[in-house]
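Ready for a few exercises? Have a go at each task before you read the solution under it.

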Amino acid sequence: MTATIARVALPVPLDKSFDYLIPSGQRPVVGGRVRVPFGRQQLTGIVIALTGQSDFPLDQLKPLKAVLDSEPLWQPPLFQLLEWTSRYYQYPLGDTLANALPSALRKGRPANAEIRYWQLTEKGQEQPLAALKRAPRQAKVLTLLRHGALSHDALLDQEVNSATLKTLAEKGWVEHFHTTAHSGHWPADFAVTEEKPRLNEEQALAIASVNANPGYACYLLEGVTGSGKTEVYLNLIEPVLAAGKQALVLVPEIGLTPQTINRFQRRFNVPLFTIHSGLNDTERLSAWLAGRDNQAGIIIGTRSALFTPFADLGIIIVDEEHDSSYKQQDSLRYHARDMAVLRASKENIPIVLGSATPALETLHNARTGKYHHLHLTRRAGNAQAARHGVLDMKGLHLEAGLSAPLIARMRQHLSAGNQVILFLNRRGFAPALMCHECGWLAECKRCDAYYTYHQHSGELRCHHCQTQRPVMPQCQQCGSTQLQTVGVGTEQLEHQLASLFPEFRTVRIDRDSTRRKGSLDNYLEAVRNKEYQILIGTQMLAKGHHFPDVTLVALVDVDSALFSNDFRAAERLAQLFIQVAGRAGRASKPGEVLLQTHHPEHSLLQALLYKGYDHFAAQALTERHQAMLPPFTYLALFRAEAAQSELTEQFLHQVRGILEASPLFESHTLVLGPNPAPLSRRAGRYRWQLLLQAPDRKTLQTLLSVARPAINLLPLARKVRWSLDVEPQDLS
């Protein structure tokens, strides 16, 4: 039967596809893009089927406006993964496919890698270089192009800026043209370009274990911080590249990509591309196409890089697999680590999950035999494990959160020519502003949260709804001018350290200080060059960075994490502690890690200090099993918000009724709530949530698949903003 109808998934919040007539002469392909009319607008969608039948009369179907692709955007294994992702995370297929595409392709850009070249015009060839002595940049361009046309990127690499090219083009001396890139030929020139360090027995065994099975297998590489996990990755990728196949390396944060890129570029002479949120649309599209067209040997990226198509993918590496950044917290709420494992299975290739502090779910899979468990227990080279200690803050005078014993230890390390890192997971100068007379606190009018005081900008900011306002001169309740800050943030800590240690330079690395593009890289490079001796940072500084001269690391305040109502809080604190401890003593210098707390006797701290992460994880898994929490049960979190609290509560009560009335609802399935969210009001909207707990994934998915269409039909579903998070990592 000749296909006359294209079934199209569109980026709209509807769980359905749409049928369109195929005009004569147009040939859409499954997995390719088409432009279609939708209401008063035109949308770009993905063809998911070609058929000759429709549930609607043919005279009611509109024709396609344009066919944008002659070939599918994804190979079958990746397209199947995206369809599975849509079903599992209960998210519309059209929106799922759109999330997997670079923005440029969603806007209709051609799916081919066009390279811009510059060449001299006849007028430009006639220009005497001697006449351009006062325009050396223009003379440089003319000199370079007299040897032939060069790509735009090649000229940028020669420190030619776009403004110079624009000026020369306006003069009519140069012109540009585009050509389509062809599949890469990098495998023919593959080589290892640096001397490899000698492996220890554990590293060699881990590499041999993975190489012994060329097909699908998932390996958990659990290695203490500084044990040489990256060297294992490099050795695993080498035979993959030598065979002409490609490698995908996932990292949790954009800040980890520069140092990872440098390691890989020093080792291999293959084209390497990155994919992360810091790229513009053109850069992201270029990297996406480089993977698909085999112009990239290695792609390193954050979670969205998972959906990049590859010509011949040979291995997937997920570094710091425990990191919560791998979980998307809005729109398509997928977990990149879990989807990477599924992709490796569909592609029949090995995948390695690396971490010094594996997630409890990953450890459970390793201990039950689903994953192979590889261990690296020794630090690479001469590095020794850091000494751990606890500082009891009770009764001590604090200088911006620093106790006298900690200040003394800092001075000893700094005087010896070393560097110090202080971790404090609170941005701004102070987390609250209070009236000394009546106790009034400056509270955000749109959220159930206090304003954070930022001294540098003279503002009060809400870190939940991003509201900003100038600091008020007096109390809004009693009129007193006796306003004072409460608590300590990274900005205040930086200010105080300038007074305590004026002879040493301090740098603050947090989301506020690294907003400008490239600023984080510049700070990290300056730290490695010892331009700064004291580093202040939030969690973003704890992940994967190598600072050989850091010998003291201190967690300024861990108490807030010890008494959280989130069952994952203990796991995250344990992971942060181990990761932070790994920043100290990474070279030949001995390291020291100190924790400031009012509760040094806390069982979690005692377990971490004296028995290590393995003991903590085993104990935590036992507790999770007794409490029937993940990974021994599976959760789905319904969130709802509206301008009226009663609407959200009523809606979630109706959702609960639908779930419990389902014939698929089993005795071992629980519905908890609805309850106000931990932050019950944000940006002027009241937030409630409902938690569904099921004994296995199949029960959870079957129940959600049946309930969700009924939930969508509820009248209140259109009056509240609601979402569904399958296997949530954050219950707030």
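A residue counts as buried under 20% relative accessible area, as exposed over 50%, and as partly exposed in between, using a 1.4 Å probe and protein chains only. The model is predicted, so local features need pLDDT of at least 70 and side-chain atom pairs count only at pLDDT 80 or more, while totals for chains, interfaces and linings use all residues. Residues are numbered from 1 along each chain as its sequence is written, and side-chain values use heavy atoms, with hydrogens and water left out.

**Exercise 1. Sort the two partners of the Arg572 and Asp566 salt bridge into buried, partly exposed or exposed.**

Step 1: know the pair. A salt bridge is a side-chain nitrogen of Lys or Arg within 4 Å of a carboxyl oxygen of Asp or Glu. Arg572 and Asp566 meet that rule, at 3.2 Å from N to O.

Step 2: apply the cut-offs. Arg572 has a relative accessible area of 30%, so this residue is partly exposed. Asp566 comes in at 14%, which makes it buried.

Step 3: try another pair. Asp293 and Arg292 also form a salt bridge, their closest N and O atoms being 2.9 Å apart. Here Asp293 is buried at 16%, and Arg292 is partly exposed at 23%.

**Exercise 2. Find the salt bridge partner of Arg267 and work out which parts the pair ties together.**

Step 1: find the partner. Arg267 pairs with Glu231, with 2.9 Å between the closest N and O atoms.

Step 2: place both residues. Helices (H or I, at least four residues) and strands (E, at least two) are DSSP runs, numbered from the N terminus. Arg267 lies in helix α10 (residues 257-267) and Glu231 in helix α9 (residues 229-242), so the bridge ties together parts that are 36 residues apart in sequence.

Step 3: check the burial. Both Arg267 and Glu231 are buried.

Step 4: zoom out. By the salt bridge rule, the count comes to 31.

**Exercise 3. Say why Cys444 has no disulfide with Cys465.**

Step 1: recall the cut-off. A disulfide is a pair of cysteine sulfur atoms within 2.5 Å.

Step 2: compare. The closest cysteine sulfur to that of Cys444 is in Cys465, 3.7 Å away, and therefore too far for a bond. Cys444 is buried, with 2% relative accessibility.

Step 3: look everywhere. Searching the whole structure turns up zero disulfides. Cys218 is another buried cysteine, at 1% relative accessibility.

**Exercise 4. Work out which strands stand at the edges of the sheet that holds β1 to β5.**

Step 1: get the order. Two strands pair if DSSP finds at least two bridges between them. The five strands run β2-β1-β4-β3-β5 in an open sheet with antiparallel pairing.

Step 2: read off the ends. β2 (18-21) and β5 (66-67) are the edge strands; each has a single partner strand, so one side of each lacks a neighbour in the sheet.

Step 3: inspect one pairing. Strand β1 (residues 5-9) joins β2 through four bridges in the antiparallel sense. One of the contacts to look for is Ala6, whose bridge partner in β2 is Tyr20.

**Exercise 5. Track down the unusual backbone spots around Met628, Pro631, Pro674 and Glu727.**

Step 1: spot the cis peptide bonds. One joins Pro630 and Pro631, with omega about 10°; another joins Gly673 and Pro674, again with omega about 10°.

Step 2: place them. Pro631 is in the loop between α20 (612-627) and β29 (634-642), whereas Pro674 is in strand β30 (residues 670-682).

Step 3: look for positive phi outside glycine. Met628 has phi near 55°, and this residue sits in the loop between α20 and β29. Met628 is partly exposed at 37%. Glu727 has a positive phi of about 55°, is found in the segment after β32 (721-726), and is buried at 16%.

**Exercise 6. Decide how the radius of gyration of the protein compares with the globule rule.**

Step 1: take stock. The protein has 22 helices and 32 strands.

Step 2: use the rule. The radius of gyration is taken over C-alpha atoms, and the globule rule is 2.2 Å times the number of residues to the power 0.38. For 732 residues the rule gives 27 Å and the protein has 28 Å, which is close, so the protein is as compact as a globular protein of that length.

Step 3: add the burial. Of the 732 residues, 53% count as buried.
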